[in-house]
Amino acid sequence: MPATTLAVGEASSCPRCGHTLSRHLPEQERRPIAYGFAAIIMFVLSNAFTFMSFSAKGVGQEMTFLQCITTLVDQGYLFLGAVLSLTLIGLPLVYMGSIMLVLWRVDKDLHSNALRSLGRLLCRIKPWLMVDVFLIGVLISLVKLMGMADIKMGLSFWAFVGYTLLLIKMISSLDRMWLWQRLFGPSEPHGVTVDDDEASAMSAGLVGCHICGALSEAGADSCKRCGEHLHSRKPGGLNRTWALLFTSIILYVPANLYPIMDTVFLGDDSPSTILGGVLVLWAMGSYPIAAVIFFASVVVPLVKILALLWLCYMVQRGQGTSPLGKLKLYRMTEFVGRWSMIDVFVVAILAGLIRLDNLMTIYPGPAAVAFAGVVLVTMVAAMSFDSRLIWDLQQGERERE
């Protein structure tokens, strides 16, 4: 299909599955820059003051945002500290800085290879931004602590709320396809026409770039627009997905059997598993929060693993019926996977806040590392799965009829 220029407010979608490909939003060159600068200011403020304070029986403790990470590192949980550092600080700052730099220099001289590298970086790190998930984890932590002590939110907490909202607005105000066309223009091979809207790029002798969406002639080594290596289908993608899913199953067992959090109160050690924490919240009458934790930490990882296993099995078996239903299931697994990190963030918040020496202290349990591994591995597994294989099966059935 030839490239078309969208007017403000218009959107283009795939004729085969209905997925929105591009949407021309108003002020796409200015709004992300404004939101980005404001988000960076809010991020600085979220680290300048007290984030939360906790007091029980006359003993109090204050926590800054960075203490959620430094406490984990001090207690030897380097993996969890690295995960929080990347998903909450490193990658969001890189994402905001890259967008602002690209848009600021869009009409100025900036080396094309640098633009391509920044554009590819934006597309790759976007799924790993988990600031909004952390904010939900903070709210759940408040519910857990309300019955134990007095909780006060500091100025940095409200700055972090602003940082989260502005980052979400920044992400939603920029369309990836529009950005690539704005930087390098449309990139479609000449002399190629496709009459059937449901035909695949492979059948038309084309290959689509999974980063910028540009079409190239089959056999091309790299995308002319973004420079990404081209492949009609991800090499070894299905086998890689199988391996990652089996790894996540192995990690899922200790993540649910071992304690995810260890509470020491007046010398009494009380380890708690994920399900144990859900039951405690339910007994406290916090039914919505218990349901959220149970759904995000127990149901979602298990359902995601089973869904991806079923999709891999159907593709390997060659079952091509209901491709649109399979694709919707796959997109759902991609969307919900990151929200399972809520329980890990809750543990990090509680461990950073509740350190009252001999009165009460909370430590992360071994299951926190295993559960974080489950979430990350299943996210990589979903990214490794090539959804185009679903449509290949349907195309094969159409050709046999």
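Tyr 252 has a relative accessibility of 15% in this predicted model, and because the limit for a buried residue is 20%, Tyr 252 counts as buried. The residue lies in helix H8, which covers residues 237-257. Beyond the residues up to four places away in sequence, Tyr 252 touches Val 298, Pro 301, Leu 302 and Val 374. One of these partners, Pro 301, is 49 residues from Tyr 252 along the chain, yet the two C-alpha atoms are separated by 8.3 Å.

Ahead of H8 comes a loop that begins after strand E7 (215-217), and Lys 234 has its place there. With a relative accessible area of 25%, Lys 234 is partly exposed. Its contacts, leaving aside neighbours within four places in sequence, are with Met 383, Ser 384, Phe 385, Asp 386 and Arg 388. The separation in sequence between Lys 234 and Phe 385 is 151 residues, while their C-alpha atoms are 8.1 Å apart in space.

Such pairings can be set beside the figures for the whole chain. Among contacts with a separation of 6 or more, 75% are between residues 24 or more positions apart. The chain comprises 14 helices and 10 strands, and 48% of its 401 residues count as buried.

The interior may be approached through its nonpolar cores. The largest nonpolar core contains 84 residues, and Phe 51 and Phe 134 are the ones with the most contacts inside it. Helix H3 supplies the largest share of this core, 12 residues. The core lies between domain 1 (10-186) and domain 3 (233-395), because both domains give residues to it. Apart from this core lies another, of 21 residues, which includes Cys 17, Leu 311, Tyr 330 and Ala 381.

What does Phe 51 touch, not counting residues up to four places away in sequence? Its partners include Ser 46, Met 63, Thr 64 and Phe 65. Further along the sequence, Phe 51 also touches Phe 134 and Val 138, together with Met 153, Gly 154, Ser 156, Phe 157 and Phe 160. Phe 51 and Phe 134, the two residues with the most contacts inside the largest core, are thus in contact with each other.

Helix H3 itself merits a description. This helix runs over residues 78-104 and has 27 residues. From its first C-alpha to its last, H3 reaches 36 Å, close to the 39 Å expected at 1.5 Å a residue. H3 also has a kink of about 45 degrees, centred on Leu 86.

Helix H12, formed by residues 342-353, has 12 residues and reaches 16 Å between its first and last C-alpha, close to the 16 Å expected. Is H12 enclosed or open to the surroundings? Of its 12 residues, 12 are buried, so H12 is largely enclosed by the rest of the structure. The buried residues include Asp 343 as well as Val 346, Ile 349 and Leu 350.

Those last three residues lead to helix H5 (residues 131-146), where Ser 141 is found. Leaving aside neighbours within four places in sequence, Ser 141 is in contact with Val 346, Ile 349 and Leu 350. Ser 141 counts as buried because its relative accessibility is 0%. A polar atom of the Ser 141 side chain lies 2.8 Å from the backbone oxygen of Gly 137.

Two partly exposed residues complete the survey. Arg 124 is found in helix H4 (residues 112-125), and its relative accessibility of 41% makes it partly exposed. Arg 124 touches Ile 211 and Glu 228, not counting residues up to four places away in sequence. Between Arg 124 and Tyr 95, 29 residues apart in sequence, the C-alpha to C-alpha distance is 9.8 Å. Glu 27 belongs to the loop between strand E2 (20-23) and helix H1 (31-46). At 44% relative accessibility, Glu 27 is likewise partly exposed. Although Glu 27 is not a glycine, its phi is positive, at about 55 degrees.

Note on methods
Residues are numbered from 1 along each chain as its sequence is written. This is a predicted model: local features need pLDDT of at least 70, side-chain atom pairs count only at pLDDT 80 or more; totals for chains, interfaces and linings use all residues. Side-chain values use heavy atoms; hydrogens and water are left out. Helices (H or I, at least four residues) and strands (E, at least two) are DSSP runs, numbered from the N terminus. Buried means under 20% relative accessible area, exposed over 50%, partly exposed in between (1.4 Å probe, protein chains only). A polar contact is a pair of N or O atoms within 3.5 Å; within protein, one must be able to donate a hydrogen and the other to accept it, and residues adjacent in sequence count only if both atoms are side-chain atoms. Contact means heavy atoms within 4.5 Å. The expected span of a helix is 1.5 Å times one less than its number of residues. The bend at a residue is the angle between axes fitted to the seven residues ending there and the seven starting there. A nonpolar core is a set of buried Ala, Val, Leu, Ile, Met, Phe, Trp, Tyr and Cys residues joined through side-chain atoms within 4.5 Å. Domain bounds come from an automatic or database domain assignment.
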